[in-house]
Amino acid sequence: MLQGSGAHLDDLLLFTLVVDAGGFSAAERQTGIAKSRLSRRVAALERALGVRLLHRSGQVFGLTPVGEAVLAHAREAARHVDKIGALTRNAVAEPSGVIHLHTSVLIGETTLPPILAEFARTHPHVQVQLTLSNRFVDLAEERLDLVIRAAVVPLASEDVIAMPIATSASIVVAHPSLLKSDGPPAHLDELSCYPCLAQGTLANPRPWQFVGVDDKPIDIAITPGIAVDNLLVIRELALRGAGLAQLPTYLCQDAIDDGRLVPVLQTVRSRPATLYAMYPSRRGMTSAVRVFLELLRARWPSDPATG
């Protein structure tokens with residue numbers, strides 16, 4: 001708490017994040033902190049200081065005159081906090097302990113192992129318990145320190161911070177044999193005429209996700225011939241001509257390059273996925289998790305395997 005004002009330093013720093021992002025929604029997308037939480041904390045800061053810092057009428061978002069003055073001091077405080085953080089990080093001993101890490105099967109079998117191996121070599125005093133599954137998990141209930149997942153919509157909640165790590169493009173592909181008689185589908189509504197593969201179950205397959213010309217999300221319900229909750233298996237099925245598949249570009253680029261798979265529906269853009277590192281907001285981050293996250297962001301390829 002800041003002496004004499006009742007204001008909290010954390011709220012002051014969140015206020016600078018919101019202003020620098022240009023609004024609460026943009027700050028949520030950039031930081032992974034829920035918009036509702038950001039709004040409450042800024043409101044608490046205003047109550048503690050006894051002044052209005054932001055204009056919030058209709059679509060207008062801007063600083064009040066006193067808000068501009070407070071922002072200048074808040075940024076100075078943020079710089080001091082960064083310096084203190086750098087000083088203490090340098091003074092902290094080698095990270096140790098256990099990281100309980102969860103991710104999808106695809107990430108665990110493709111992109112993560114070389115990064116995790118480098119981390120193990122560099123930080124031998126840290127143990128990692130890695131679990132793989134394609135279900136969404138409850139971090140608190142399962143006592144997880146870090147979850148790495150991909151999603152096409154932002155992930156944020158009161159109890160979890162979702163930090164964007166990377167983005168990954170997707171593409172619809174087919175084995176050439178599937179296109180010999182009728183050629184490739186030209187429009188989304190023609191997908192029902194082709195055998196398709198889907199993630200999930202036959203009773204609840206995951207829709208294929210695209211972006212329209214106005215960037216509006218488009219979800220296409222698929223009636224799959226085969227449904228399985230594993231993108232690696234879907235790729236192998238596609239390579240054997242079992243159906244069209246929507247896959248991360250990373251996962252099928254080599255097969256496209258050598259002609260084993262053919263891109264289709266190239267006039268419609270598949271919706272890219274964002275890779276998130278999620279951790280509990282209330283528990284805080286251990287030094288071991290922080291160091292692993294730094295390595296993850298530095299080493300993750302530009303178009304990663306996601307799932």
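Which residues of the largest nonpolar core touch the most other members? In this predicted model, that role falls to Phe 15, Leu 112, Phe 292 and Trp 300, out of the 45 residues that make up the core. Helix H9, spanning residues 287-299, gives the most to this core, putting in 7 residues. Both domain 1 (9-92) and domain 2 (97-168 + 273-299) give residues to the core, so it sits between them.

Phe 15 gives a good look at the packing. Setting aside neighbours within four places in sequence, Phe 15 is in contact with Val 42, Leu 45, Leu 53, Leu 54, Leu 63, Gly 67, Val 70, Leu 71 and Ala 74. There is also a second, separate core, this one of 17 residues, with Leu 178, Leu 179, Ile 220 and Ile 222 among them.

As for aromatic pairs, the count comes to 1. The partners are Phe 119 and Phe 292, arranged edge-to-face, with 5.1 Å centre to centre and 80° between the planes. Phe 119 belongs to helix H6 (residues 112-122) and Phe 292 to helix H9, so the pair ties together parts that are 173 residues apart in sequence. Phe 119 is buried, at a relative accessible area of 1%, and Phe 292 likewise counts as buried, at 1% relative accessibility.

Then there is Val 66, which lies in helix H4 (residues 65-91). Val 66 counts as partly exposed, because its relative accessibility is 35%, a value between the 20% and 50% cut-offs. Beyond its neighbours within four places in sequence, Val 66 is in contact with Val 51 and Arg 52. Val 51 is 15 residues away from Val 66 in sequence, and their C-alpha atoms are 7.6 Å apart.

Methods:
Residues numbered from 1 in each chain as written. Predicted model: local features only at pLDDT ≥ 70, side-chain atom pairs only at ≥ 80, totals over all residues. Heavy atoms only, no water. Helix = DSSP H or I, 4+ residues; strand = E, 2+ residues; numbered from the N terminus. Buried < 20%, exposed > 50% of the residue type's maximum accessible area, 1.4 Å probe, protein only. Contact = heavy atoms within 4.5 Å. Core = buried A, V, L, I, M, F, W, Y, C linked by side-chain atoms within 4.5 Å. Domains from an automatic or database assignment. Phe/Tyr/Trp six-rings, centres within 6.5 Å; stacked < 30°, edge-to-face > 60°.
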